[in-house]
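Visitor: I would like to learn how the labels on a protein model are earned. Please set each value against its rule.

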Amino acid sequence: MSFVAEFNSLAPENFVRRSLAATPADVRNTLLKSKLSLADFACLLSPAASEFLGQLSVRSQKLTQQRFGKVVRLFAPLYVSNECINNCAYCGFSRDNPILRVTLSVDEVLREARALRDQGFRNILLVAGEHPKFVSNNYLRDCVAALHEESPSVSLEVGPMETEDYRPLVAAGSDGLVVYQETYDRKVYADMHTAGPKKDFDWRLETPERAYAAGFRRLGISALYGLADWRYEAISVAAHADYLLRHCWKAQVSVSLPRLRPCAGEFQPLTQISDRELAQLVCAFRLMFPDVGIVLSTREPAHLRDGLIPLGITLMSAGSHTEPGGYTGAGREKLHQTIRGKIVALPAASKINGEGASEWATGQFEVSDDRSPQEVASLIHKLGYEPVWKDWDTALA
């Protein structure tokens, strides 16, 4: 039975109601337990549990240090293409957005990766919109193979594939796959995804299982907070993580905590999750899943990221760019728009002295923490933690 079948019988809304009705006594009883159920997790998300945030934080910090030590892994997203065939209301790459687009060549991807290596990164996440015409399986395989020669850890955040299509990417050197379900609320999902293969909720939901069958050793999941009720999303993510830990037990599982950020198209969040609630969510995930990685990206402001690190964060991005070519300017001379799948060149007036486009490719969303990787690493040191740029090498396999 896949997670789709399990999810269909889950009824997250029932857990949300229990969460909202939880009392301080329920929270105290939950904190006495050494192993938590999904109902206990819902209790830790309750308004009542918010009053226990100090106690939750202490326990979460202690548990994180017991399981992970005082280290924070650093990674960088490397966007290779912002072409996409999906219409997603909340995404800057959405097909109908009139943005500046580009797909980097393999050599340009390598140029970007080397710039990241010069900053210290040995852990790279390749990101691309979903467009088989521009981002083919062979293209991704060639990118991974080129990067694997110099970067020991290469993960992917790309359009979902069949298991057999993932296998060449694993063979080329990719060790991790990240896939956000975006929202686990089926109605909201249907409203947000109006065109393209991403409309298929179940297909996307089963992606981590197909990736595991292909041999990926890291699986990352998340909702995108701001589309549906945050407790509903978190309970669904927790159920999904629990399933993967039971059925994909040879892989390391991580959960991300991304909140919606401004992007092309000017989509506004449909729901809100406050900074305090985000901190509560970090603690709840850590207490529920002591050995699961918790990821925090540059979507969040610097001061909040700094405060959340001790609570349970184990993996952070730094110095991020969400546009292809953002680290070196690679591909700027190839900027274009696409209309109904056809490339439309930019007017000559948009060129500078014939040496390339005057603008950069459009990013997926606006970054909030714009500190350099070195500044983030320095802050991690000041907090008493060790920034880790590399923690994996195929020689260890």
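Visitor: Which residues of H9 meet which residues of H12?

Guide: In this predicted model, Thr163, Tyr166, Arg167 and Val170 of H9 meet Thr207, Arg210, Ala211, Ala213 and Ala214 of H12. Contact means heavy atoms within 4.5 Å. The residues of this contact divide into five nonpolar, two polar and two charged. Ala, Val, Leu, Ile, Met, Phe, Trp, Tyr, Cys and Pro count as nonpolar, Asp, Glu, Lys and Arg as charged, and the others, Gly among them, as polar.

Visitor: What makes H9 and H12 helices, and where do the numbers come from?

Guide: Helices are DSSP runs of H or I with at least four residues, strands are runs of E with at least two, and both are numbered from the N terminus. Residues are numbered from 1 along each chain as its sequence is written. As the model is predicted, local features need pLDDT of at least 70 and side-chain atom pairs count only at pLDDT 80 or more, while totals for chains, interfaces and linings use all residues; side-chain values use heavy atoms, with hydrogens and water left out.

Visitor: Why are H9 and H12 called oblique?

Guide: They pack at an angle of about 50 degrees, with their axes 8 Å apart. Axes are lines fitted to C-alpha atoms, for helices over the stretch in contact, and angles run from 0 to 180 degrees between N-to-C directions. Under 35 degrees counts as roughly parallel, over 145 as roughly antiparallel, 65 to 115 as roughly perpendicular and the rest as oblique. H9 and H12 are therefore oblique to each other.

Visitor: Why are H13 and H14 called roughly parallel?

Guide: The axes of H13 (residues 230–247) and H14 (residues 275–288) come within 12 Å and cross at roughly 20 degrees. So H13 and H14 are roughly parallel to each other. Trp230, Arg231, Ala234, Val237 and Ala238 of H13 make the contact with Glu277, Leu281 and Phe285 of H14. Here the residues divide into six nonpolar, no polar and two charged.

Visitor: Why is H12 called largely enclosed?

Guide: Buried means under 20% relative accessible area, exposed over 50%, partly exposed in between (1.4 Å probe, protein chains only). In H12 (residues 207–214), six of the eight residues are buried, so H12 is largely enclosed by the rest of the structure. The buried ones are Thr207, Pro208, Glu209, Arg210, Ala211 and Ala214. They pack against several elements, including H1 (3–8), H9 (163–172) and S7 (218–223). Just after H12, Gly215 has a positive phi of about 115 degrees.

Visitor: Which residues of H9 are buried?

Guide: Thr163, Tyr166, Leu169 and Ala172 are buried in H9. Their cover includes H8 (137–148), S4 (153–157), S5 and H12. Gly173 follows H9, with a positive phi near 130 degrees.

Visitor: How do you know that Cys88 and Cys84 are not bonded?

Guide: A disulfide is a pair of cysteine sulfur atoms within 2.5 Å. The closest cysteine sulfur to that of Cys88 is in Cys84, 5.9 Å away, so it is too far for a bond. Cys263 is in no disulfide either; the nearest cysteine sulfur, in Cys91, is 6.5 Å away. The whole structure has zero disulfides.

Visitor: Are Cys88 and Cys263 buried or exposed?

Guide: Cys88 has 5% relative accessibility, so Cys88 counts as buried. Cys263 has 12%, so Cys263 counts as buried.

Visitor: Why does Ile124 count as buried?

Guide: Ile124 lies in S3 (residues 123–128). Its relative accessibility is 1%, so Ile124 counts as buried. Among the residues that Ile124 touches, beyond four places away in sequence, are Ala76, Leu78 and Val154.
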